[in-house]
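Reader: I should like to understand how the terms used for a protein structure are justified. May I put some questions to you about the one shown here?

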Amino acid sequence: MQHALRLLNLRKSFGPVTVFDGIDLAVAPGEVVSLIGASGSGKSTMLRCINFLEMPDSGTVEVFDKGLSVEAGGMTRGQLHQIREIRKITGMVFQNFNLWPHRTALGNVTEALIHVLGQDAPQARDTAMAALEKVGMAGFANRYPAQLSGGQQQRVGIARVLAMRPRVMLFDEATSALDPELVGEVLKVLRLLAQEGNTILQVTHEMRFAREVSDRMVFLSQGRILQDAPPEELFTNPADEAVKRFLSGTH
Ligand SMILES: Nc1ncnc2c1ncn2[C@@H]1O[C@H](COP(=O)(O)OP(=O)(O)OP(=O)(O)O)[C@@H](O)[C@H]1O
Ligand SMILES: [Mg+2]
């Protein structure tokens, strides 16, 4: 089977803090996998290592047929090329939207289409409008981020990623900066993306949502994967006290 995403023996420390101590994880094409675990367990760091926003200390990251093994020491030119190739086919949505404040919703989405994919302006506009349409934001294309609610800004953030047609989507708590009444509109978009067969690795604290859309849930603790199982199994048969405590909200 070809993997959409595979991590082999991934290791990462920050000074004395070991975040991962040899993580192995594989995600199949079309799978939706949710990463869960206590604050500080390394969920964000794992997503950031996948597109090399953070450099793993060692280990291998493969996204479809693009892969890179890291060992201690500097990067060769070939490795930098592989990082660019991996970034081209992964898209990441952050908790805090990270939109350009001085660009409209449309401008935010066209930016990378023009400067990274090399689309001309009319083509980028069409691609961007289709993406904004998909997240229900076509009617707000000319608004600036400051003129949009948090939920609307996040939907533009998702459109910006979607427009690039990534083969793997990474979401890091896409709804956790939102007021509760705005969470639903973003989950609706994520649900649609999951149902459409996109490959998604998401960090989320929305346990009900994770249970509903995930093919598997992966529980991280102390640098390791404590459980990797379909949601029903994880909820009915937590492999460890730490998983049980987390799911009951008493961690
Ligand atoms: N740039 C950094 N420099 C030093 N330590 C870091 C850095 N980034 C993360 N860490 C540490 O690595 C560990 C994992 O952090 P990470 O942000 O990945 O956790 P998380 O599971 O995403 O937590 P949360 O649920 O709070 O977002 C923590 O101990 C954190 O303090
Ligand atoms: Mg985090």
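Reader: Which elements each supply at least two residues of the shell around ligand 1?

Author: The model is a predicted one. In it, β2 (17-27) and α1 (43-50) each supply at least two residues of that shell. The largest share, three residues, comes from α1.

Reader: Which residues surround ligand 1, and what makes a residue count as near?

Author: A residue counts as near if its C-beta atom, placed from the backbone, lies within 6 Å of the molecule. Ligand 1 is surrounded by Phe 14, Val 17, Val 19, Gly 37, Ser 39, Gly 40, Ser 41, Gly 42, Lys 43, Ser 44 and Thr 45.

Reader: How do the residues of this shell divide into nonpolar, polar and charged?

Author: Three are nonpolar, seven are polar and one is charged. Gly counts as polar in this scheme, and the shell includes Gly 37, Gly 40 and Gly 42. Lys counts as charged, and Lys 43 belongs to the shell.

Reader: What is the order of the strands in the open sheet of six strands?

Author: The order is β6-β7-β8-β3-β9-β10, and the pairing is mixed. From one strand to the next the twist averages 15°.

Reader: Why do β6 and β10 stand at the edges?

Author: β6 (90-93) and β10 (224-229) each have a single partner strand, so one side of each is left without a neighbour in the sheet.

Reader: How do you know that β6 and β7 pair?

Author: Two strands pair if DSSP finds at least two bridges between them. β6 and β7 (residues 168-172) have four bridges, in the parallel sense; the two strands therefore satisfy the condition. Within this pair, Met 92 has Leu 170 in β7 as its bridge partner. Helix α5 (residues 150-162) packs on the sheet and touches β6 and β7, its direction making about 175° with that of β6.

Reader: What makes the mixed pairing of this sheet visible in the bridges of β9?

Author: β3 (residues 32-36) and β9 (residues 216-221) run parallel and are joined by four bridges, with Ile 36 opposite Phe 219. β9 and β10, by contrast, pair in the antiparallel sense over five bridges, and Met 217 stands opposite Ala 229 there. β9 and β10 also form a hairpin with two residues between them, and Gln 222 in the turn has a positive phi of about 45°.

Reader: Why are α5 and α6 called roughly parallel?

Author: Two packed helices are described by the angle between their axes and the distance between the axes. α5 and α6 (residues 180-195) pack at about 20°, with their axes 8 Å apart. Angles under 35 degrees count as roughly parallel, and that makes α5 roughly parallel to α6. Their crossing is right-handed.

Reader: Which residues of α5 and α6 meet?

Author: Gly 150, Gly 151, Gln 154, Arg 155 and Ile 158 in α5 meet Leu 182, Glu 185, Val 186 and Val 189 in α6. By class, this contact has four nonpolar, three polar and two charged residues.

Reader: Why, then, are α3 and α4 called oblique?

Author: The axes of α3 (residues 105-115) and α4 (residues 121-134) come within 9 Å and cross at roughly 125°. Roughly perpendicular covers 65 to 115 degrees, and roughly antiparallel requires over 145. An angle of roughly 125° falls in neither range and is not under 35, so α3 and α4 are oblique to each other. α3 passes α4 in a right-handed crossing. The contact has 10 nonpolar, two polar and one charged residues.

Reader: What is the order of the open sheet formed by four strands, and which are its edge strands?

Author: The order is β2-β1-β4-β5, with antiparallel pairing. The edge strands are β2 and β5 (66-70), each of which pairs on one side only.

Reader: How do you know that β4 and β5 pair?

Author: At least two bridges are needed, and five join β4 (residues 58-63) to β5, so the two strands pair. Val 61 stands opposite Leu 68 in β5.

Reader: Which helices lie across strands of this sheet?

Author: α1 lies across β1 (5-14), β2 and β4, running at about 120° to β1. Helix α2 (residues 77-88) lies across β4 and β5, at about 135° to β5.

Methods
Residues numbered from 1 in each chain as written. Chains lettered and ligands numbered in written order. Predicted model: local features only at pLDDT ≥ 70, side-chain atom pairs only at ≥ 80, totals over all residues. Axes fitted to C-alpha atoms, helices over the stretch in contact; angles between N-to-C directions. Contact = placed C-beta atoms within 7 Å. Left-handed = near helix turned anticlockwise from the far one by under 90°.
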